Protein chains: 2
Amino acid sequence: MTTLTYSEENYLKAIFHLSEEGKKSVSTNDISAEMKNRPASVSDMLRKLGEKKVIEYRKYYGVHITEEGKKLALQTIRKHRLWEVFLVEKLNFSWDEVHEVADELEHIKSRLLIQRLDEYLGFPKFDPHGDPIPDEYGDIRSRPRLPLSEIEINGTGQIVAVKDSSAAFLRYLDKIGAYIGARIKVLDKVEFDGSVEILVDNKKSVFMSKDVVGNILVMQ
Amino acid sequence: MTTLTYSEENYLKAIFHLSEEGKKSVSTNDISAEMKNRPASVSDMLRKLGEKKVIEYRKYYGVHITEEGKKLALQTIRKHRLWEVFLVEKLNFSWDEVHEVADELEHIKSRLLIQRLDEYLGFPKFDPHGDPIPDEYGDIRSRPRLPLSEIEINGTGQIVAVKDSSAAFLRYLDKIGAYIGARIKVLDKVEFDGSVEILVDNKKSVFMSKDVVGNILVMQ
DNA sequence: ATTATTTTTTAGTATAGACTAAATTAGTAT
DNA sequence: ATACTAATTTAGTCTATACTAAAAAATAAT
Ligand SMILES: [Mn+2]
Ligand SMILES: [Mn+2]
Ligand SMILES: [Mn+2]
Ligand SMILES: [Mn+2]
């Protein structure tokens with residue numbers, strides 16, 4: 001059984017997330033940017049994660065996460081998201097306050113704790129940001145979703161998740177009433193800068209920048 | 001504002017607990033035994049804690065915890081005990097399963113988290129082992145209590161806490177029905193080995209060793 | 001008052017995880 | 001094919017926290 005330190009768990013989680021973003025191999029610089037550590041520190045950690053067989057590491061050619069690594073990363077992600085649900089549902093945190101705390105709680109090592117927490121929360125399938133919660137075997141059932149930016153004029157949909165979980169972005173969404181589950185309709189799109197006019201929840205028309213509509217995920 | 005690492009918090013908590021056990025100054029060896037680290041490691045840590053002014057450290061003469069140190073230790077203890085209550089009350093842990101997990105959870109750094117947890121649990125005053133929970137200013141109101149070993153023959157009382165929180169001891173207490181709140185009566189005492197016969201909860205007569213009755217705390 | 005024992009500290013080493021600066025490799029442009 | 005640039009790794013340093021072995025101080029025993 002592979003055991004990882006807090007730091008190794010954080011790196012592996014970052015590598016997993018970067019892997020999900022399409023590209024086959026993840027670069028040292030990508031990880032460096034994500035983790036806010038210098039590339040030299042990343043290289044060192046990659047060597048260690050390679051030795052532990054949670055990634056495949058070929059010097060100078062980036063890394064691939066292994067099946068074992070994926071499983072471990074999903075465990076950490078599961079814990080992170082369950083704790084986020086707990087904080088919001090039980091402790092009345094708002095969705096922009098949970099991230100840092102969950103980033104610490106996700107490392108607590110107790111199988112029983114997570115089983116019981118899951119049960120206590122009613123086996124939630126999604127976290128407060130709409131992200132799917134893997135089961136204890138690492139199985140994850142994500143619903144189909146696409147960026148709001150890709151909806152055509154007059155197209156409609158429902159917000160199911162956010163890509164960016166920063167407090168600033170989430171508070172902005174609160175302000176315009178764009179919560180998870182809200183219905184949206186695209187009223188107009190500006191070719192020039194990618195900005196969009198959206199009808200939120202059938203009551204409010206809001207102009208959103210390209211950046212914003214790229215970070216809102218909807219299902220149709 | 002003094003910030004401590006996980007390790008420093010653990011040492012300080014140990015020093016605080018050892019200080020409470022009567023003696024004015026705590027020795028390096030005491031701490032070493034409590035923390036299961038070698039004395040040399042303890043010496044090193046004492047120097048650091050001394051520099052941070054959370055203890056008074058005179059080489060070769062043991063340590064005293066300072067007011068600042070006491071406050072910080074009580075914060076950690078508060079978190080530890082609140083998490084224990086959470087685990088037992090909300091996640092259905094039994095009182096012998098909570099200690100290790102709480103020992104990790106106690107280090108999570110979020111003021112809001114602890115305030116909300118406290119509120120969510122209904123501002124509990126005692127943890128599952130009967131130990132008092134300090135408030136957010138470090139004030140702690142302990143109820144008067146004494147070891148069961150000090151009750152005279154025919155004396156009665158009520159179990160309010162346990163000194164030893166090891167799983168083995170707590171499971172033994174479960175077996176004999178000696179939960180927190182149980183009424184007890186001392187039926188007989190054996191001079192020779194300090195063992196005692198106790199009527200538990202008005203229904204069960206149990207023989208307990210000196211060791212056991214020394215670790216059960218009662219109020220009369 | 002010496003000597004012996006126990007306790008504690010110091011010195012030196014190890015590992016984890018970060019850093020900077022320098023060297024090396026891969027990829028791109030001429 | 002060669003030279004330039006960007007990405008990456010290596011080398012060396014630092015801090016935190018542990019360890020063992022040796023030295024030093026305090027305490028106990030004679
Ligand atoms: Mn984390
Ligand atoms: Mn989330
Ligand atoms: Mn702890
Ligand atoms: Mn307790």
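These legends go with close-up views of a predicted model in which two protein chains sit with two DNA strands.

**View 1. Where chain B meets chain A.** Here 21 residues of chain B are in contact with 21 residues of chain A. Putting the two together buries about 1800 Å², and carbon and sulfur atoms give 68% of that area. Looking for salt bridges between chain B and chain A? The count is zero. What you can pick out instead are polar contacts, with seven residue pairs found across the interface, both partners at pLDDT 80 or more.

**View 2. Chain B's side of that interface.** Three helices of chain B each give two or more residues to the side that touches chain A: α4 (67-89), α5 (99-105) and α6 (111-120). The top contributor is α6(B), with five residues. Sort the residues on this side by type and you get 13 nonpolar, three polar and five charged.

**View 3. The protein around DNA strand D.** Both chains show up in this one: of the 21 residues around the strand, the ones that come nearest are Ser43(A), Tyr57(A) and Lys59(A), plus Thr5(B) and Lys48(B). Sugar and phosphate make up 82% of the strand D atoms that come within 4 Å of the protein. Zoom in on Tyr57(A) and you'll find a polar side-chain atom 2.5 Å from a phosphate oxygen of strand D. Tyr60(A) uses its backbone, with a polar atom there 3.1 Å from a phosphate oxygen. From the other chain, Tyr61(B) places a polar side-chain atom 3.3 Å from a phosphate oxygen of strand D.

**View 4. Which helices line DNA strand D.** Two or more residues apiece come from α2 (28-35) and α3 (39-51) of chain A, and from α1 (6-20) and α3 (39-51) of chain B. The largest share is that of α3(B), at five residues. By type, the surface near strand D divides into nine nonpolar, eight polar and four charged residues.

**View 5. The protein around DNA strand C.** Of the 19 residues around this strand, Thr5(A), Lys48(A), Ser43(B), Tyr57(B) and Lys59(B) come nearest. Sugar and phosphate account for 82% of the strand C atoms within 4 Å of the protein. Chain A offers several side chains to look at: polar side-chain atoms of Ser41(A) and Arg38(A) lie 2.6 Å and 2.9 Å from a phosphate oxygen of strand C, respectively. For Tyr61(A), a side-chain N or O atom is 3.4 Å from a phosphate oxygen. Helices giving two or more residues here are α1 (6-20) and α3 of chain A, along with α2 (28-35) and α3 of chain B.

Note on methods:
Residues numbered from 1 in each chain as written. Chains lettered and ligands numbered in written order. Predicted model: local features only at pLDDT ≥ 70, side-chain atom pairs only at ≥ 80, totals over all residues. Heavy atoms only, no water. Contact = heavy atoms within 4.5 Å. Buried area = accessible area lost by both parts, 1.4 Å probe. Salt bridge = Lys/Arg side-chain N within 4 Å of Asp/Glu carboxyl O. Polar contact = N/O pair within 3.5 Å; in protein donor to acceptor, adjacent residues only side chain to side chain. Helix = DSSP H or I, 4+ residues; strand = E, 2+ residues; numbered from the N terminus. Nonpolar A, V, L, I, M, F, W, Y, C, P; charged D, E, K, R; others polar. Near = heavy atom within 4 Å.
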